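Work through the following exercises with the model open beside you, and try each task before you read its solution.

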Amino acid sequence: MAQSRLEQEFDLFKDSYAQRAENLSVSEVRALFATVSRPEVVSLAGGMPDVSALDNELIRTAFESLMKNRSQFALQYGPGQGDAKLRGQILEIMALEGIQGTVENLMITTGSQHALELIADLFLDQGDVALVESPSYVGAVGIFRHKEAHIEHIYTDSDGISPEAVAEASDRMIADGKKVKLLYLVPNFANPSGVTLSEERRDKLIAVCKERGILIVEDNPYGLLYFDGAPPKALRARDADIVVYLGSFSKILSPGLRVGYVLAPPAIREKLILANESAILSPATFAQMLISEYLSICDWQKQISEYRSLYKTKRDAAIWALNEYLPGVETTKPAGGFFLWVSLPEGIDGKQMLPIAVEELVAYTPGTAFYGDGRGKEFIRVCFSHPTAENVKVGIQRLAKAIERSR
Ligand code: PMP
């Protein structure tokens with residue numbers, strides 16, 4: 001059959017791509033976007049914050065003050081490492097997690113996704129090993145795959161990733177001649193599992209990685225969104241030399257501003273700044289200064305605590321609905337963040353069930369998205385952060401129907 005014009009256009013440069021472009025494929029989350037934006041579908045899919053809870057008037061005031069007083073700076077290029085005033089304010093946010101950083105070691109990025117990309121680019125050659133949780137954040141799996149790294153999923157349970165399993169896997173792969181370069185983890189209210197790394201495992205994990213010279217990438221966008229009490233002290237607060245810490249305004253404020261940050265060990269700070277400058281010259285000055293202004297004029301700790309109680313209500317709605325409509329189905333019960341990791345009844349495949357779920361007007365993310373090796377069929381990620389609490393319940397009731405139809 002003759003090729004369509006569109007197919008011909010797609011083919012035009014197919015022999016010119018770099019080899020690693022082979023590893024860029026539509027993520028399962030992105031593939032869902034068109035579906036979930038239909039208003040009649042309850043989306044338990046994308047990990048979006050509920051920005052309708054923000055005080056728009058405060059953001060408008062910050063915007064107007066910025067335009068009135070500092071527009072010449074806000075509309076200009078800025079330092080490659082990021083705005084100095086905002087970096088100082090970020091230190092205050094990190095201090096809430098017991099982290100004592102310095103503005104010299106802190107760099108602003110275009111969301112923490114960008115920080116992850118820079119770190120992966122600095123450290124991972126083809127075949128190098130990136131150790132990750134089971135399951136792991138889809139965006140990290142995607143980046144590591146693009147770098148042609150070997151993604152090694154490590155045993156993880158309700159206390160988080162196992163330090164013993166990290167040690168065992170590293171030693172095995174080092175003995176095989178592989179280079180184990182980094183361990184990537186989301187220690188608090190993880191995406192997608194909702195699990196938190198226990199106090200006991202934190203120091204052990206640091207010791208295991210230190211002994212083997214493995215860089216720890218601590219990705220912590222959800223740590224301040226706890227429901228009951230704060231999670232254990234950050235890994236970066238325990239060791240400043242081998243932990244590179246990633247934070248973000250996406251979940252505690254707004255992802256539309258695209259501002260994240262990295263607190264780097266001194267050993268890698270300069271390379272990271274050079275990589276940032278090489279990639280983007282400077283992070284978006286306007287967005288950084290808007291956040292800085294916002295943090296100056298409002299009680300941001302109160303705003304974060306409002307987010308906390310909102311998400312707690314939604315988590316409770318999700319757990320209630322699972323008990324009510326899907327009794328006996330196993331799920332994690334996160335103490336913060338956005339996600340539940342649900343085990344499907346025997347024999348049901350999360351990816352195959354998705355079209356049925358969409359017919360029932362609910363969307364979720366299949367578990368396979370969170371593995372680099374095809375595992376995860378029997379799980380789904382349910383994100384409760386964006387719909388109203390009532391719609392979270394409706395969504396889970398519809399999910400129950402989809403499961404019933406798939407039996
Ligand atoms: N890490 C984790 C664990 C995430 O869940 C996300 C967003 N879903 C990111 C990083 C990227 O966030 P951003 O680039 O918006 O800061």
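**Exercise 1. Find where Pro135 is placed, and describe the peptide bond that leads into it.**

Solution. Pro135 sits in the loop between strand 3 (129–132) and helix 7 (138–146), where helices (H or I, at least four residues) and strands (E, at least two) are DSSP runs numbered from the N terminus. The peptide bond from Ser134 to Pro135 is cis, with omega near -5°. Residues are numbered from 1 along each chain as its sequence is written. The model is predicted, so that local features need pLDDT of at least 70 and side-chain atom pairs count only at pLDDT 80 or more, while totals for chains, interfaces and linings use all residues, and side-chain values use heavy atoms, with hydrogens and water left out.

**Exercise 2. Examine Phe189 and Pro192 in the loop between strand 7 and helix 9.**

Solution. Begin with Phe189, which lies in the loop between strand 7 and helix 9 (199–212) and has a positive phi of about 50° although it is not a glycine. Then move to Pro192, which is found in that loop between strand 7 and helix 9, and look at the peptide bond from Asn191 to Pro192, which is cis, with omega near 10°.

**Exercise 3. Describe the surroundings of Lys181.**

Solution. First locate Lys181 in strand 7 (residues 180–185). Next, compare positions along the chain and in space: Lys181 and Ala130 are 51 residues apart along the chain, yet their C-alpha atoms are separated by 6.2 Å. Leaving aside neighbours within four places in sequence, the contacts (heavy atoms within 4.5 Å) of Lys181 are with Phe123, Leu124, Asp125, Asp128, Val129, Ile214 and Leu215. Finally, a polar atom of the Lys181 side chain lies 2.9 Å from the backbone oxygen of Phe123.

**Exercise 4. Determine how helix 5 and helix 12 are arranged relative to each other.**

Solution. Two packed helices are described by the angle between their axes and the distance between the axes. The axes of helix 5 (residues 84–95) and helix 12 (residues 285–297) come within 9 Å and cross at roughly 50°; such axes are lines fitted to C-alpha atoms over the stretch in contact, with angles from 0 to 180 degrees between N-to-C directions. Helix 5 and helix 12 are therefore oblique to each other, since angles under 35 degrees count as roughly parallel, over 145 as roughly antiparallel, 65 to 115 as roughly perpendicular and the rest as oblique. On the helix 5 side, Lys85, Leu86, Gln89 and Ile93 make the contact, and on the helix 12 side Gln288, Ile291, Ser292, Leu295 and Ser296 do so.

**Exercise 5. Carry out the analysis for helix 13 and helix 15.**

Solution. The axes of helix 13 (residues 300–325) and helix 15 (residues 389–406) come within 8 Å and cross at roughly 30°, and these two helices are therefore roughly parallel to each other. Thr313, Lys314, Ala317, Ala318, Trp320, Ala321, Leu322 and Tyr325 in helix 13 meet Ala389, Val392, Lys393, Ile396, Gln397 and Ala400 in helix 15.

**Exercise 6. Work out the strand order of the open sheet of 3 strands.**

Solution. The order is 11-14-13, with antiparallel pairing, and two strands pair if DSSP finds at least two bridges between them. Strand 11 (339–343) and strand 13 (365–366) are the edge strands, each pairing on one side only. Strand 13 is joined by 2 bridges to strand 14 (residues 379–383), and they run antiparallel; here Pro366 stands opposite Ile380 in strand 14.

Terms used:
A polar contact is a pair of N or O atoms within 3.5 Å; within protein, one must be able to donate a hydrogen and the other to accept it, and residues adjacent in sequence count only if both atoms are side-chain atoms.
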